[in-house]
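Hi everyone, thanks for making time this morning. Let me put the model up on the screen, and then we'll walk through it together.

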Amino acid sequence: MAFGRSSRTGAMHAVSPVEPLTLKILVAGGFGVGKTTLVSAVSEIRPLRTEERLSEPGIGIDDTEGVEAKSTTTVAMDFGRITLREDLVLYLFGTPGQDRFWFLWDELAQGSLGAVVLVDTRRLAESFAAVDYFERREIPFVIAVNCFDGADRHPVVTVREALDLDPCVPVLLCDARDRESVKDVLVGVVEHAMSLARARRQSMSAGA
């Protein structure tokens, strides 16, 4: 039980603890773009990972071009939690990146406020499926360009055109290893989703 300031008589007044709003955010993108890294960088709890070593059955199926050094892959999901404010908690669900695990996406997407689509500009085509998925289901999302060491930096407008995004979709630059950088992205997706929700309500009210 939390307590407020004492009164002039010295009595303490009980203050009901604030029940935080909890929101579900997906972290999606292609194979090897940094989803597990992003969730791990920002989670205030020990993140749940479902990584397995890449094995011979994946040869010829998983596209490892450009990420040849990668030795593990997410087979179900990553899970983490971050408190943005005392009244706002985000639960993060990282999706598996390979085609053969996409059947899990529908279940993970249930009840989500929005999504982060993490992008590696060296392998931009890996992100097309994720963008298409959220567009088709009308789930709000932002693009987070993961600025890998040694990768060329491209203007936001170039990334937007390459992904053929709607004008309203935010494109943000980030470092998936850096907590503050990731927090900025998460704030961006919450604000974007809330903005779209307000616009829909206003549109419905105007048409009523």
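Let's begin with the cysteines: how many disulfides does the structure hold? Zero, where a disulfide is a pair of cysteine sulfur atoms within 2.5 Å. As a reminder, such a link is a covalent bond between the sulfur atoms of two cysteines. Take C174: the closest cysteine sulfur to its own is in C147, 6.5 Å away, so that is too far for a bond. C174 is buried, with a relative accessible area of 4%, whereas C168 is partly exposed at 46%. Here buried means under 20% relative accessible area, exposed means over 50%, and partly exposed is in between, using a 1.4 Å probe and protein chains only.

A word on where this comes from. This is a predicted model, in which local features need pLDDT of at least 70 and side-chain atom pairs count only at pLDDT 80 or more, while totals for chains, interfaces and linings use all residues. Residues are numbered from 1 along each chain as its sequence is written, and side-chain values use heavy atoms, with hydrogens and water left out.

Now the overall picture. The chain has five helices and ten strands; these are DSSP runs numbered from the N terminus, helices being H or I with at least four residues and strands E with at least two. Of the 208 residues, 40% are buried.

On to the sheet. Six strands form an open sheet in the order 6-7-3-8-9-10, with mixed pairing, and two strands pair if DSSP finds at least two bridges between them. At the edges sit strand 6 (78–85) and strand 10 (171–174), each pairing on one side only. From one strand to the next, the twist averages 30°, with angles taken from 0 to 180 degrees between N-to-C directions of axes fitted to C-alpha atoms, for helices over the stretch in contact.

Please look at strand 3 next. Seven of its nine residues are buried. Strand 3 runs parallel to strand 7, joined by seven bridges, and T22 stands opposite V89 there. Strand 3 is also parallel to strand 8, through five bridges, with G29 opposite L118.

Strand 8 (residues 114–119) pairs in the parallel sense with strand 9 (residues 141–146), again over five bridges, and V119 faces V145 across that pairing.

Last, helix 1 (residues 35–42) lies across strands 3, 6, 7 and 8, at about 40° to strand 6; contact here means heavy atoms within 4.5 Å. Thanks, everyone!
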